[in-house]
Structure formats: C-alpha cells, structure tokens
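Here is a short tour of one protein model, written for someone new to reading structures. Have the sequence and the 3D view open as you go.

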Amino acid sequence: MLEVNDVSKTFFAGTVNERVALDDVSLQLPSGDFVTVIGSNGAGKSTLLNIAAGKLLPETGRVIIGDRDVTKLADHQRAKYIGRVFQDPMAGSSPNMTIEENLAIAYERGRRRGFRIGVTNKKRELFAEELKSLELGLENRLKAKVGLLSGGQRQALSLLMATFSEPEVLMLDEHTAALDPQRAELVSRLTTEIVERHKLTTLMVTHNMEQALRLGNRLIMMHEGRILFDLNEERKSRMTVKGLLQEFENVKGETLNDDRAMLQ
Ligand SMILES: Nc1ncnc2c1ncn2[C@@H]1O[C@H](COP(=O)(O)OP(=O)(O)OP(=O)(O)O)[C@@H](O)[C@H]1O
Ligand SMILES: [Mg+2]
C-alpha cells in the first residue's frame, strides 16, 4: 500500500526560476494496484516518484508505505520497501560486476535477512531459476559482466533486481523508453508477469499512452503538478488513446501539447 497525501514541491522557490512541480497531490494505491501514470514533459511524474521514494523531501504532505509514515525517512532508509527501475538501462546494475554478483546485492536488500553476502551455490541455483523466467538465456551467463549485456537484457535484469525482495511498492519511471520497440515490448511483458506473480503494488510512468492503457488496472494523467484524472479499471478498460486526449481536453479546455505524447 502506498499513500501520498497532500504533497507539494516547488523548485527554486522565491526566485525567477520557481517551478511548482507538485501542487497538493494526493494518491492512494491499495495493495496490488498497478497504476500507470501519463502526462506531458514537466507534469511532475518523476517528482512524484522521487518524493514517494525519499529522493526528494516534499514541502507539505505525507508519504505512507504499508502502515509506516516514511515522510521523514531518507531514501536509503526506505529503500527496503521500494523497488525502482529507471529509464537508463545502465542505471540499475553495476557493469563491472557479474550477473550473479549484481543479483546477490539485490538479494541482500530488503526483507530477506540472515544470508551472508556473496554467492553461495544455493543462491546461484535460485538466481538461475529467476533468470530463466526472463527467457533471455541469462541463466547460462551468471559469471558474465553485466556491462556486456544489451540494453534490453540489462533492463530486464534491473527489473528482476528491483523486485527480488518483493518490495511493498515498485516504481518504474519510463523504464521501456530507451529501448527499441521489440525490447520495449519484451520488458513490458516481463513487467506484467513479475507484477502479477508477486502481486506488487506498482506505479509506472510512461509516455506511451497505448502501453499505459494496456498495462495495469488504473491510469492517472498528470499535468502541471496535478492529477488531472484517475481512471479505474472499468473506465480504463474502455478507454482509447483518442479518448485520453479527449478527456484531457474536457478537463483542461485545451488540447494536449506534447510532441512525445502526440507521436504515440
Ligand atoms: N531537481 C530539480 N531541480 C529543479 N527543477 C526540477 C527538478 N526536478 C524537476 N524539476 C522541475 O519540476 C517540474 C516537474 O518535473 P518532473 O521531472 O517531475 O516532470 P516529468 O513529468 O517527470 O517530466 P518528463 O516527462 O519530462 O520526465 C519541471 O518543471 C522540472 O523542470
Ligand atoms: Mg520524468
């Protein structure tokens, strides 16, 4: 369960560069909700995730994960509750370490305690089994350096690492955007599978409206630091890309002016 209550964030407050990134935003995700987040550049999507993850502190409001108020916890203190995957495939893993060493680090994070650092045969077996589910043949390359993997393979590995400790919240920030369409499709499919398998509460930011409609059970659109609309499963299942643009127009009284959004 994730709750963001009445959160505001302004960058460079009181200067000519003042930017209101989030304007009194509230969002509640019950356990198991998989929410896709769309919205134009600068809408506040990444800021919302950064505040939920503790990377940024809000000026007002609270963040609750499970039954804990984590508002004042630094990012490393709440990292055990959160799995994150970013747009950059290079960001989620260490290139100079092997696949199994990267997995071992991810494994130590979070709830599973009592295991020694390092790769034991028992862990190696588990890693191979988990990697097999990606269907990329990585289970046969446990000792390969991660820097040798393709962007898509690396992003799939990041996804596995982010979900290894079954975090209470999974946050994905445009994690398929840097991949070619085929790899993006693969990582999309893996996302659905992993989220379903672990019943993860998930927030996924994407600029791809078609992907936002296809994945998850709920969709929100952000604009200028606010949530413009929030579609439940039933409304989402009947929604189209054209419908989303229309909905934006209905709420804002203007057409959505975002090149990346219009291209989808
Ligand atoms: N660290 C920062 N310092 C200053 N301004 C920032 C910072 N992070 C975000 N902003 C500003 O806050 C606003 C919201 O940015 P944010 O990155 O959350 O948007 P976004 O919806 O993720 O956009 P995009 O689709 O381009 O990733 C923007 O005006 C941005 O310039
Ligand atoms: Mg962003």
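## Around the ligand

Helix α1 gives three residues to the shell around ligand 1, the largest share of that shell. Keep in mind as you look that this is a predicted model. Which residues come nearest to the ligand? Of the 15 residues around ligand 1, the nearest are G42, K45, S46, T47 and H207. If you sort the shell by class, you get seven polar, four charged and four nonpolar residues.

Now zoom in on some polar atoms. The side chain of R19 has an N or O atom 2.9 Å from an oxygen atom of ligand 1. With H207 it's again the side chain, where an N or O atom sits 2.8 Å from a ligand oxygen. G42 takes part through its backbone instead: one of its backbone N or O atoms is 2.8 Å from an oxygen atom of ligand 1. On its own, ligand 1 has 630 Å² of accessible area, and the protein covers 68% of that. Two elements give two or more residues to the shell, namely β2 (19-29) and α1 (45-53).

## Helix α1 and its neighbour A21

So is α1 mostly buried or exposed? Eight of its nine residues are buried, so the helix is largely enclosed by the rest of the structure. The buried ones are K45, T47, L48, L49, N50, I51, A52 and A53. Just after α1 comes G54, which has a positive phi, near 85°.

One residue that touches this helix is A21, in strand β2. A21 has a relative accessibility of 8%; that is under the 20% cut-off, so A21 counts as buried. Leaving out neighbours within four places in sequence, A21 is in contact with K9, T10, F11, A43, G44, T47 and G225. For a sense of scale, A21 and E168 are 147 residues apart in sequence, and their C-alpha atoms are 25 Å apart in space.

## The nonpolar cores

In soluble globular proteins, nonpolar side chains tend to be buried together. In this model, the largest nonpolar core has 34 residues, and those with the most contacts inside it are I99, L103, F127, L131, L134, L157 and L159. Two or more residues each come from α3 (99-108), α4 (121-132), α5 (151-163), β7 (169-173) and α6 (181-198). Another core lies apart from this one, with 26 residues that include L27, A43, I82 and M171.

L157 is a good place to start exploring the largest core. Not counting neighbours within four places in sequence, L157 is in contact with I99, L103, L131, L134, V146 and L149.

## Helices α3 and α5

Why can we call α3 largely enclosed by the rest of the structure? Eight of its 10 residues are buried, so that description fits. Those buried residues are I99, E100, N102, L103, A104, A106, Y107 and E108. Among the elements that cover them are α4 and α5.

A162 belongs to helix α5. Its relative accessibility is 7%, so A162 counts as buried. Setting aside residues up to four places away in sequence, A162 touches G83, R84, V85, P167 and L170. A162 and R109 are 53 residues apart along the chain, yet their C-alpha atoms are separated by 9.5 Å.

## Strand β1 and two positive phi values

Strand β1 (residues 2-11) holds D6, and N5 is in this strand too. N5 is buried, with a relative accessible area of 17%, whereas D6 counts as partly exposed at 42% relative accessibility. Beyond its neighbours within four places in sequence, N5 is in contact with V25, S26, Q28, G61, R62 and I64.

Here's a backbone detail to check. Most residues other than glycine have a negative phi. D6, though, has a positive phi, near 50°. E224 also has a positive value, with phi near 45°. Where does E224 lie? You'll find E224 in the loop between β9 (218-223) and β10 (226-231), and it is exposed, with a relative accessible area of 51%.

Conventions. Residues numbered from 1 in each chain as written. Chains lettered and ligands numbered in written order. Predicted model: local features only at pLDDT ≥ 70, side-chain atom pairs only at ≥ 80, totals over all residues. Heavy atoms only, no water. Core = buried A, V, L, I, M, F, W, Y, C linked by side-chain atoms within 4.5 Å. Buried < 20%, exposed > 50% of the residue type's maximum accessible area, 1.4 Å probe, protein only. Helix = DSSP H or I, 4+ residues; strand = E, 2+ residues; numbered from the N terminus. Contact = heavy atoms within 4.5 Å. Near = heavy atom within 4 Å. Polar contact = N/O pair within 3.5 Å; in protein donor to acceptor, adjacent residues only side chain to side chain. Areas by Shrake-Rupley, 256 points an atom, 1.4 Å probe, with all protein chains shown as cover. Nonpolar A, V, L, I, M, F, W, Y, C, P; charged D, E, K, R; others polar.
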